[in-house]
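Me: Could you take one part of this model and go through it closely, beginning with a single side chain and working outward to the strands around it? I would like one connected account rather than a list.

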Amino acid sequence: MAKFDGIVEKRLLTATEKETELTLVFEDNRFLFVTIANGKLKVESVPE
């Protein structure tokens with residue numbers, strides 16, 4: 001879980017929901033993309 005250390009204790013600014021994706025935007029312009037692929041959650045963080 002170390003790859004998500006950059007968003008720990010960061011304020012959540014917006015959350016956008018699409019059919020199979022949830023995009024979370026945190027302060028300092030950090031993004032977290034949560035998607036569903038083959039029935040499993042996939043998470044990608046930008047910047048890493």
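Reply: Phe33 is a good place to begin: with a relative accessible area of 23%, Phe33 counts as partly exposed, because the limit for a buried residue is under 20%. This is a predicted model, and what follows should be read as a description of that prediction. Phe31 falls into the partly exposed class as well, at 25% relative accessibility. These two residues are linked by their rings, whose centres lie 5.9 Å apart with the planes at 10°, so the pair is stacked. A search of the whole structure finds 1 aromatic pair, and Phe31 with Phe33 is that pair.

Both of these phenylalanines also appear among the contacts of Thr23, which, once neighbours within four places in sequence are set aside, touches Thr14, Ala15, Thr16, Phe31, Leu32 and Phe33. Thr23 itself lies in strand β2, which covers residues 21–26, and at 11% relative accessibility Thr23 counts as buried. The side chain of Thr23 further makes a polar contact of 3.3 Å with the side chain of Glu21.

Turning from the residues to the strands, β2 and β3 run antiparallel and are joined by 6 bridges, and within this pairing Leu22 stands opposite Val34 of β3. The two strands form a hairpin with 3 residues between them, and in that turn Asp28 has a positive phi of about 70°. On the next step along the chain, β3 is joined to strand β4, residues 40–46, by 7 bridges, again in an antiparallel arrangement; here Thr35 has Lys42 in β4 as its bridge partner. The hairpin of β3 and β4 has 2 residues between the strands, and Asn38 in this hairpin takes a positive phi near 55°.

The nonpolar side chains add another layer to this picture. The largest nonpolar core has 6 residues, namely Phe4, Ile7, Leu24, Phe26, Leu32 and Val34, and β2 and β3, the latter spanning 30–37, each supply at least two residues of this core. Leu32 therefore has two roles in this account, since it belongs to a core made up of buried residues and is also one of the contacts of Thr23. Phe4, another member of the core, touches Leu32, Val43 and Ser45 when residues up to four places away in sequence are not counted.

Asp5 offers a contrast in its surroundings: Asp5 is found in the segment before β1 and is exposed, with a relative accessible area of 52%. The C-alpha atoms of Asp5 and Asn29, which are 24 residues apart along the chain, are separated by 14 Å.

Seen as a whole, the chain has 0 helices and 4 strands, following the pattern β-β-β-β along the sequence. Of its 48 residues, 19% count as buried, and its C-alpha trace spans about 30 × 20 × 15 Å along the principal axes. Among contacts between residues at least 6 apart in sequence, 11% join residues at least 24 apart. The accessible surface comes to about 3,900 Å², with 52% of that area belonging to carbon and sulfur atoms.

Definitions and conventions
Residues are numbered from 1 along each chain as its sequence is written. This is a predicted model: local features need pLDDT of at least 70, side-chain atom pairs count only at pLDDT 80 or more; totals for chains, interfaces and linings use all residues. Side-chain values use heavy atoms; hydrogens and water are left out. Buried means under 20% relative accessible area, exposed over 50%, partly exposed in between (1.4 Å probe, protein chains only). A polar contact is a pair of N or O atoms within 3.5 Å; within protein, one must be able to donate a hydrogen and the other to accept it, and residues adjacent in sequence count only if both atoms are side-chain atoms. Contact means heavy atoms within 4.5 Å. A nonpolar core is a set of buried Ala, Val, Leu, Ile, Met, Phe, Trp, Tyr and Cys residues joined through side-chain atoms within 4.5 Å. Two strands pair if DSSP finds at least two bridges between them. Rings of Phe, Tyr and Trp (its six-membered ring) pair if their centres lie within 6.5 Å; planes under 30 degrees apart count as stacked, over 60 as edge-to-face and the rest as tilted. Accessible areas come from the Shrake-Rupley method with a 1.4 Å probe; for residues, only the protein chains shown count as cover.
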